[in-house]
Amino acid sequence: MQLCRRQLLLAGGAAALAPWLPRPVLAAGAAHALAMHGDALYPPDFTHFAYVDPNAPTGGRLTLGAVGTFDSLNPFILKGDPAAGLGLTVDNLTVQSQDEPFTEYGLVARSIETPEDRSWVAFELRPEARWHDGRPVTVEDVIWTFETLKTKGAPFYRAYYANVLSATADGPGRVRFAFEDKTNRELPLIVGQMPVLPKHWWEGRDFAESTLEIPLGCGPYRVKSFEPGRSILYERVPDYWGREVPAVRGRFNYGEVRYEYYRDPNVLLEAMKAGRIDLRVENSSRFWATGYASPALDAGMLVLEEIEQRGGGGVQGFVYNTRREVFADPRVREALAYAFDFEWTNQTLFYDSYERTRSYFQNTGLEATGLPGPAELALLEPYRGQVPERVFTEEYVPPVSDGSGNIRDNLRKAVTLLREAGWEVQGGRLVNAATGRPLAFELMLDQGGLFERIASPFVKNLERLGVQVTLRMVDDAQYRRRVDSFDFDMITNIWGQSLSPGNEQRDFWGSAAADTPGSRNYAGIKDPVVDALIEKIVEAPTRDDLAAACAALDRVLQWSFYIIPHWYNRVTRLARWDKFGRPQILPQYGLDLFAWWIDAAKEAEVEAWRRARGLTRS
């Protein structure tokens, strides 16, 4: 499971008795946590996650940067560009541990109950749970949230909750979700990830419309102030009801969290070096290698750190919109991939810091390797003749060069494939031999991104083949609108993948999502074999079954050439001013920056250094 951009960071907590008091006894059949496969790591009487400090100091301000703009405080719908960090104001029914592949622990939900076949799930709510206006969080709120997200929320929710039939009250403080069948073992965990929204606050307001009215929440922070498109400031709720919940204790320690917006990542970098931003996960290898050079870095006030990435990195690439006729033939898609010179790009532009992506489940342990084994063959054999034969006979490897920049051999392979597909060069242009139509398309990039320097060499190589490519830069708002409506020929995208893929694969690659505006099936994939293999992932009863299903789907997607794969990194690159404290143990499968805190002594040292150099911070 993996949430999209609008659902990321739906952080929060749920209340429990203080840890020095006896824990309440759960009802028979109920549990404090639920694992996708196997047992939960933490026992019922755990007091906090291992990767937090339960006695962490609180206070101070964390300032983060964002590129682009925002015009909405409603992150749950397709309309508008929501502000960063809004999930800090919201609590979910459960929260995922970051040192397990996929286990959810109770937050708003005090307990979780589901039968062996997982055909339903029931959550008992904590009676202490409160909205920021002091009113209790109720079963009616949960039911209203589910029904509203499914009918008025972003298309993601309709796909994510497609197999959830209903939510009903099941006694005082207890809500039960009924499922369509007994094959989707992930559904109880997916439902637990649902944010809970206040029914009483939304009455009389249109949920389907974007808004700049500050929403009511029940999470650890609330919106204090904002300037549309420029900044938003969250303040820690002093009487937050969930402070001592085991899954929350030791987290959300900052007194305030501020997001500052910048139109250009280059300007954001300068703001970081000037101290206007405290911390940044750096995705640009160029910035990482040379961009942070400064007196602050030399003095140790600014720190660059690489943290091992043990979880899935997702798949990134140039994405073909196969809804466009120009990309309908997989031979054309395979051919154009030979024009992307990863080895040269990595050496020349990335300081040799990346590895080539080859799998849709890269760095998860679920990717296809070698030739399909018995478990994969059992899934793939029924579709022999419906999928490319190479699924059975070859391991997919993206085109490789020697890194010199001379890719004539690869371009010759591309020409051969294009001729087979009915294209030939006439007057320096690649045209369809039957119709005379040129092979031309637009590569659209987000103006606020850093892909122009990467895309330009790729475009030049395509032009050597006779392909006419327009490199189009558009602003963030226009980019989002065009992507949501599939109004593009080619874009770049990354699909995040977790260690336990599931329902979200329907939204990534499923046929139904291909015609749903706002879905993440950007490639427009409509393949019944892909649909069937996605269901095998969703229904997988064991980890071994999940691995086989993911690998089988991986092979079909790879040999269908829906993307030109990019690259990935096994580490998270973190730039930060040396003002933070953090737990001794870091989580295995993520980076929980909200388990960190502002160290007052370190902050004073940093500020003294900055004042001595005449640097100020608003």
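**View 1. Threonine 63 and its partner across two parallel strands.** In this predicted model, threonine 63 finds its bridge partner in strand β11, and that partner is arginine 258. The two residues belong to a longer pairing: β2 and β11 (residues 256-262) run parallel and are joined by seven bridges. Helix α5, spanning residues 265-274, packs on the sheet here and touches both β2 and β11. The direction of α5 makes about 160 degrees with that of β2.

**View 2. The four-stranded sheet around β2 and β11.** Step back a little, and which strands lie in this sheet, and in what order? Reading across, the order is β2-β11-β10-β9, and these four strands form an open sheet with mixed pairing. At the edges are β2 (61-67) and β9 (221-227), each of which pairs on one side only. On average, neighbouring strands are turned by 20 degrees against each other, with direction ignored.

**View 3. A three-stranded antiparallel sheet.** Here the strand order is β12-β23-β13, again in an open sheet, and the pairing is antiparallel. The edge positions go to β12 (279-281) and β13 (302-308), and each of these pairs on one side only. From one strand to the next, the twist averages 20 degrees. For a closer look at one pairing, follow β12 to strand β23 (residues 571-577): three bridges link them in the antiparallel sense. Leucine 279 is a good residue to start from, as its bridge partner in β23 is arginine 576. Helix α5 appears in this view too, lying across β12, β13 and β23 and running at about 55 degrees to β23.

**View 4. A hairpin made by β7 and β8.** Strand β7 (residues 164-169) and strand β8 (residues 174-179) run antiparallel and are joined by five bridges. Which residue of β8 is the bridge partner of alanine 167? The partner is phenylalanine 177. The two strands form a hairpin with four residues between them. In the turn sits glycine 171, whose phi is positive at about 105 degrees.

**View 5. Strand β20, enclosed by its surroundings.** Is strand β20 (residues 490-495) largely enclosed or largely open? Five of its six residues are buried, so the rest of the structure largely encloses β20. Strand β14 (residues 315-320) runs antiparallel to β20, and six bridges join the two. One pair to look for is tyrosine 320 with its bridge partner in β20, methionine 490.

**View 6. Helices α17 and α18 packed together.** Two packed helices are described by the angle between their axes and the distance between the axes. For α17 (residues 528-539) and α18 (residues 543-558), the angle is about 160 degrees and the axes are 8 Å apart. That angle makes α17 roughly antiparallel to α18, because angles over 145 degrees count that way. The crossing of α17 and α18 is left-handed. On the α17 side, the contact is made by Val530, Leu533, Ile534, Lys536 and Ile537. From α18 come Leu546, Ala549, Cys550, Ala552, Leu553, Val556 and Leu557. Sorted by class, this contact has 11 nonpolar residues, one charged residue and no polar ones.

**View 7. Two residues with positive phi.** Most residues other than glycine have a negative phi. Tyrosine 351 has a phi near 55 degrees, a positive value in a residue that is not glycine. You can find tyrosine 351 in the loop between α9 (342-348) and β15 (355-356). Its relative accessibility is 43%, so tyrosine 351 counts as partly exposed. Asparagine 363 is not a glycine either, and its phi is positive at about 65 degrees. This asparagine lies in the loop between β15 and α10 (374-380). Is asparagine 363 buried or exposed? With a relative accessible area of 13%, asparagine 363 is buried, because the cut-off for buried is under 20%.

**View 8. Proline 44 in a loop.** Proline 44 has its place in the loop between β1 (33-35) and β2. A relative accessible area of 56% makes proline 44 exposed. Where does asparagine 406 lie relative to proline 44? The two residues are 362 apart along the chain, and their C-alpha atoms are separated by 60 Å.

Methods: Residues numbered from 1 in each chain as written. Predicted model: local features only at pLDDT ≥ 70, side-chain atom pairs only at ≥ 80, totals over all residues. Heavy atoms only, no water. Axes fitted to C-alpha atoms, helices over the stretch in contact; angles between N-to-C directions. Parallel < 35°, antiparallel > 145°, perpendicular 65-115°, else oblique. Left-handed = near helix turned anticlockwise from the far one by under 90°. Contact = heavy atoms within 4.5 Å. Nonpolar A, V, L, I, M, F, W, Y, C, P; charged D, E, K, R; others polar. Pairing = 2+ DSSP bridges. Buried < 20%, exposed > 50% of the residue type's maximum accessible area, 1.4 Å probe, protein only.
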